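Here are two exercises to work through with the model open in your viewer. Try each task before you read its solution.

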Amino acid sequence: MSRPRPQEVTCTQCGNTESVTVWDSLSAVDNPKEKDQLIDGSLFTYKCSNCGSVGVLNYAMLFMDDERHMMVYYCPDASEISNVEDMLTKIEETMSEVGVEYRCRIVTSLNSLREKAAICDDDLDDRAVEVAKAVFKAYAGASDELAGHKVTSIYYSGLDDDGNLILYLILDSGVTQDGTIPLAFYEKIEDQCVLGPHKVDDSFFVDEGWAEDWIDSSGVFKE
Ligand SMILES: [Zn+2]
């Protein structure tokens, strides 16, 4: 269930104060338009009605997709993480009692929230995407295309017309560029890490560190 509420914000450019809508929780099923805005990032900006400058809105929120059974909590405050873990554990237990299993995640950056929502929206599994990204990063380091630069961050950004995964890379030079993971490679990883034989237990934190641990423990890419 979506829970929007009004929030007073003050423009950093002109000092104008006005009310904007923030979302304590956002349901992809109930609010598809706002779900798209979450993915493209515009849900977290507003335009000052006085001077027209664009301000950033940064707030904790729970994103949920009740069709794909996924929940992602964006927690900008590290001191709140253990409370969020307790809350999600209770939600998982309650859902489990009625026979519904949710994938529940906690992220600590807005970009990660947007990425998880995009992965969910495209019917992909975030565990397989993280493993594919980690493998891509390891190989990209040896690629001429990056001209000696390292990849600092990789985000999933969508599917191309052939269903391949498009990545958004941020390099240590600050330059950004796109990368691609072939759909067949993603599906191979999904078979391995989500469906078995190296099936993994779920975790609230499915990120780069989680993917590296899975690669180490499965030994899949060791040969
Ligand atoms: Zn203003």
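**Exercise 1.** Find how the chain is divided into domains, then work out which residues of domain 1 supply the most area against domain 2.

*Solution.* Start with the bounds: in this predicted model, the domain assignment gives domain 1 as 3-121 and domain 2 as 126-218. Next, check the spacing, with C-alpha centres 24 Å apart. Now list who takes part in the contact: 17 residues from domain 1 and 13 residues from domain 2. Together the two domains bury about 1300 Å², and carbon and sulfur atoms give 54% of that. On the domain 1 side, Arg105, Glu115 and Ile119 supply 42% of the buried area, more than any other three residues. Finally, look at charges: four salt bridges turn up across the interface. Arg105 also pairs up with Asp126 in a salt bridge, with the closest N and O atoms 2.5 Å apart.

**Exercise 2.** Work out which residues coordinate the zinc ion, and what geometry its site has.

*Solution.* First, pick out the donors: the SG atoms of Cys11, Cys14, Cys48 and Cys51 sit at 2.3 to 2.4 Å from the zinc ion. Then go for the angles among the four donor atoms, which run from 107 to 111 degrees, making the site tetrahedral. For comparison, the ideal angle for four tetrahedral donors is 109.5 degrees. Along the sequence, the donors follow the spacing C-x2-C-x33-C-x2-C. Cys11 is in the loop between strand 1 (3-10) and strand 2 (17-27), and Cys48 is in the loop between strand 3 (45-47) and strand 4 (54-56), so this pair ties together parts 37 residues apart in sequence. Last, check burial: Cys11 counts as buried at 4% relative accessibility, and Cys48 counts as buried at 3%.

Conventions
Residues are numbered from 1 along each chain as its sequence is written. This is a predicted model: local features need pLDDT of at least 70, side-chain atom pairs count only at pLDDT 80 or more; totals for chains, interfaces and linings use all residues. Side-chain values use heavy atoms; hydrogens and water are left out. Donors are N, O and S atoms within 2.8 Å of the metal (3.2 Å for Na, K and Ca); water is not among the atoms, so sites may look incomplete. Four donors count as tetrahedral if all angles lie between 85 and 135 degrees; four count as square planar and six as octahedral if opposite donors are over 155 degrees apart and all others between 65 and 115; anything else is irregular. Helices (H or I, at least four residues) and strands (E, at least two) are DSSP runs, numbered from the N terminus. Buried means under 20% relative accessible area, exposed over 50%, partly exposed in between (1.4 Å probe, protein chains only). Domain bounds come from an automatic or database domain assignment. Contact means heavy atoms within 4.5 Å. Buried area is the accessible area (1.4 Å probe) that two parts lose on being put together, summed over both. A salt bridge is a side-chain nitrogen of Lys or Arg within 4 Å of a carboxyl oxygen of Asp or Glu.
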